[in-house]
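Hi,

Here is the model I said I'd pass on. Have a look at it first, and my notes follow underneath.

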Amino acid sequence: MSLLWALLPDEFMPLAIAGIGLAVILGFLRLRKAAALIGGICLLLISGPFFDAIFDSLPTWIFLLMLPIAAILVIRWLVRLVIGERAADHLVGSLAADLCRGLILLPFRLLGFLFKRNN
């Protein structure tokens, strides 16, 4: 749920806070959970300009290294939303193992490709 708040535009946050208040009134949320959600929203709104300044000052190559990590986080969040947290953890672990296996075998595959091409 925390990533969902980050994807919402800043203009939507007062409506989200009002929705949280309505959920507390109707009994869908406990007060402690609502306070944590509202605190997270306020922290997100306050820290936004600082993150913008940090990302603007980063070199392009570091930003490009961070993009796959962000993509994995978004994919993990979507999978967690659809099939559950433990299954998403298993999926990310399996993808990471496949990536490591591919990186280890890459030099051997390149050598095999070069030898097949020369024959």
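A nonpolar patch sits on the surface, formed by Phe51, Ile54, Phe55, Phe63, Leu64, Met66 and Leu67, with about 620 Å² of accessible area together. Two elements give two or more residues to this patch, helix 3 (31-57) and helix 4 (60-83), and helix 4 gives the most, with 4 residues.

Before I go on, the small print. This is a predicted model, where local features need pLDDT of at least 70 and side-chain atom pairs count only at pLDDT 80 or more, while totals for chains, interfaces and linings use all residues. Residues are numbered from 1 along each chain as its sequence is written, and side-chain values use heavy atoms, with hydrogens and water left out.

As for terms, patch residues have over 30% relative accessible area and no salt bridge, with like charges joined within 9 Å and nonpolar side chains (Val, Leu, Ile, Met, Phe, Trp, Tyr) within 5 Å. A salt bridge here is a side-chain nitrogen of Lys or Arg within 4 Å of a carboxyl oxygen of Asp or Glu. Areas are Shrake-Rupley with a 1.4 Å probe, and for residues only the protein chains shown count as cover. Helices are DSSP runs (H or I, at least four residues), numbered from the N terminus.

Now the aromatics. The structure holds 2 aromatic pairs (ring centres within 6.5 Å; planes under 30 degrees apart are stacked, over 60 edge-to-face, the rest tilted). Phe51 and Phe55 are stacked, at 6.5 Å centre to centre and 25° between the planes. Both lie in helix 3, 4 residues apart, about one turn of the helix. Phe55 also pairs edge-to-face with Phe63, at 6.4 Å centre to centre and 70° between the planes; Phe63 is in helix 4. Phe51, Phe55 and Phe63 thus form one aromatic cluster.

Are these rings buried or exposed? Phe51 is partly exposed at 46% relative accessibility (buried is under 20%, exposed over 50%, partly exposed in between). Phe55 is partly exposed too, at 35%, as is Phe63 at 36%.

And the inside? The largest nonpolar core has 6 residues: Met13, Ala16, Ile20, Ala34, Leu37 and Ile41. By core I mean buried Ala, Val, Leu, Ile, Met, Phe, Trp, Tyr and Cys joined through side-chain atoms within 4.5 Å. Helix 2 (13-26) and helix 3 each supply at least two of its residues. Ala34 touches Ile20 and Val24 (heavy atoms within 4.5 Å), leaving aside residues up to four places away in sequence.

Cheers

Conventions
Buried means under 20% relative accessible area, exposed over 50%, partly exposed in between (1.4 Å probe, protein chains only). Rings of Phe, Tyr and Trp (its six-membered ring) pair if their centres lie within 6.5 Å; planes under 30 degrees apart count as stacked, over 60 as edge-to-face and the rest as tilted.
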